[in-house]
Amino acid sequence: MRAFRLEGQHFVETKDSNQATLILYDNPSQDEMDDLHQKEEIPLDFITDSLNRYMIPRKETFRNSQQTDIQLLLFLYPLMKIDETNRLEYQTLPISIITLEKKVIMIYSKEPPFLKNVLNSNGNYDDSLFILQLLWQLTNEYIEAITRIDDMIENMEENIVHTTRNEAFYKMIAINKSLVYFETGITKNHDIIAHLFDHLQEGKVSDAGELLHDIRVLSNQAKVMRKESDEMISHLSEVFSSVISNNLNNIMKFLTSLTIVLTIPTIIGSYWGMNVALPFEDDGFAFLLLVGVSIILGILTVFWLKKKDYL
């Protein structure tokens, strides 16, 4: 657990959680979750859902025994990881933002990479700017992740003609998985942003309006970019399959042509290996003559195969 208090418009870490305006729980223990549930009267599902990677974003409000509203905003954020084969892949993980009367509690299983930027920025709970700044950084993280994926796709396009390995297939699988996770995260996050926009309009929070508008634009941009990347990887997969098939056909064509060329000396050697009377059988240069004829016929066959584009 890490606690921060607001001094002016900057967050300062503190050891006194009672004086904190922001509390962060990184993969909290069962004791910490029970303490939150009992002390703050926060529903357990508000806490535990942030540790379940299969949860989807949602907005929910609970009224405690003191008739105070406790609001949950659950979002999905992208997190980059490197698998055992050293390939880059993304997953989405939930983060719970629980707003109380005088503090905000954030719970997550792994620290979001953009959290430091949020803590270093200005904060203002009265105007909801802190949550909006968090949404800005979170949505921008999707933009940066999709940009990296687009760079990976472009690099694969440049090298796809010369490859017959399965490595490209594994990379495309990783990209497809990432984009599937992104579809859920970006789409559902956008719905919550729309709900938040309605909430701010009802509260007539005008100072946050411009930032929220930028977040909605950025969220729409992320949706479009994800769709474009998905279409690009789908087309690339089709092209790659065609290239692999064409390369395999070229290999088979070469091997077949090589077999034909090597069959010529085999046929000639078979004829002159018969136990019957044959021309040049008493000639001392018969073997060299047959080898020469085989080479000449092989060369002529190669030229003919190339002319017919069989080789």
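# Aromatic pairs, salt bridges and enclosed space

Q: How many aromatic pairs does the structure hold, and what makes two rings a pair?

A: The count comes to 4 aromatic pairs. Rings of Phe, Tyr and Trp (the six-membered ring for Trp) form a pair if their centres lie within 6.5 Å; planes under 30 degrees apart are stacked, over 60 edge-to-face, and the rest tilted. The model is predicted, with residues numbered from 1 along each chain as its sequence is written. Local features need pLDDT of at least 70 and side-chain atom pairs pLDDT 80 or more, while totals for chains, interfaces and linings use all residues, and side-chain values use heavy atoms, without hydrogens or water.

Q: Why is the pair of Tyr77 and Phe114 called edge-to-face?

A: The ring centres are 6.0 Å apart, which is within the pairing limit, and the planes stand at 80°, so the pair belongs to the edge-to-face class.

Q: What makes this a link between distant parts of the chain?

A: Tyr77 belongs to strand E5 (residues 69–82), whereas Phe114 sits in the loop between strand E7 (104–108) and helix H3 (115–120), 37 residues apart. Helices (H or I, at least four residues) and strands (E, at least two) are DSSP runs numbered from the N terminus.

Q: Are Tyr77 and Phe114 buried or exposed, and why?

A: With a 1.4 Å probe and protein chains only, buried means under 20% relative accessible area, exposed over 50%, and partly exposed in between. Tyr77 has 0% and Phe114 has 1%, so both residues count as buried.

Q: What class does the pair of Tyr142 and Phe182 belong to, and why?

A: The centres are 5.3 Å apart and the planes differ by 85°, so this aromatic pair is edge-to-face. The pair links distant parts of the chain, with Tyr142 in helix H4 and Phe182 in helix H5, 40 residues apart. The relative accessibility is 1% for Tyr142 and 0% for Phe182, so each counts as buried. Ring pairs also join Tyr90, Tyr142 and Phe182 into a cluster.

Q: How do you know that Arg53 lies over the face of Tyr54?

A: A charge sits over a ring if NZ of Lys or CZ of Arg is within 6 Å of the ring centre and within 35 degrees of the ring normal. Arg53 is placed over the face of Tyr54 at 5.3 Å from the ring centre, which meets the distance limit.

Q: Why is the contact of Glu13 with Arg2 called a salt bridge?

A: A salt bridge needs a side-chain nitrogen of Lys or Arg within 4 Å of a carboxyl oxygen of Asp or Glu. For Glu13 and Arg2 the closest N and O atoms are 3.6 Å apart, so the criterion is met. Glu13 lies in strand E2 (residues 10–14) and Arg2 in strand E1 (residues 2–7), so the bridge ties together parts 11 residues apart in sequence. With relative accessible areas of 46% for Glu13 and 31% for Arg2, both residues are partly exposed. The structure holds 8 salt bridges.

Q: Are Arg58 and Asp49 buried or exposed, and what makes them so?

A: Arg58 has 17% relative accessibility and Asp49 has 12%, so both fall in the buried class. Their side chains meet in a salt bridge at 2.7 Å, N to O. Asp45, Asp49, Arg58 and Glu60 are linked in a network of such bridges.

Q: How do you know that Arg63 and Asp69 form a salt bridge?

A: The closest N and O atoms of Arg63 and Asp69 are 2.8 Å apart, which satisfies the distance criterion. Arg63, at 48%, and Asp69, at 39%, are partly exposed.

Q: What makes a space a cavity, and how many does the search find?

A: On a 1 Å grid over the protein atoms alone, a cavity is a set of points where a 1.4 Å probe fits but cannot get out; lining residues have an atom within 4 Å of a point. The search finds 1 cavity of 30 Å³ or more. The largest cavity holds about 40 Å³ and is lined by Thr139, Tyr142, Ile186, Asn189, His190, Ile193 and Ser219. Helices H4 (129–159) and H5 (167–203) are the elements that each give two or more residues to this lining, and H5 supplies the largest share, 4 residues.

How values were computed. 1 Å grid on protein atoms, 1.4 Å probe; cavity = no way out; pocket = protein on both sides within 12 Å on 5 of 7 lines; lining within 4 Å. Points joined across faces, edges and corners; volume = space filled by probe spheres on them.
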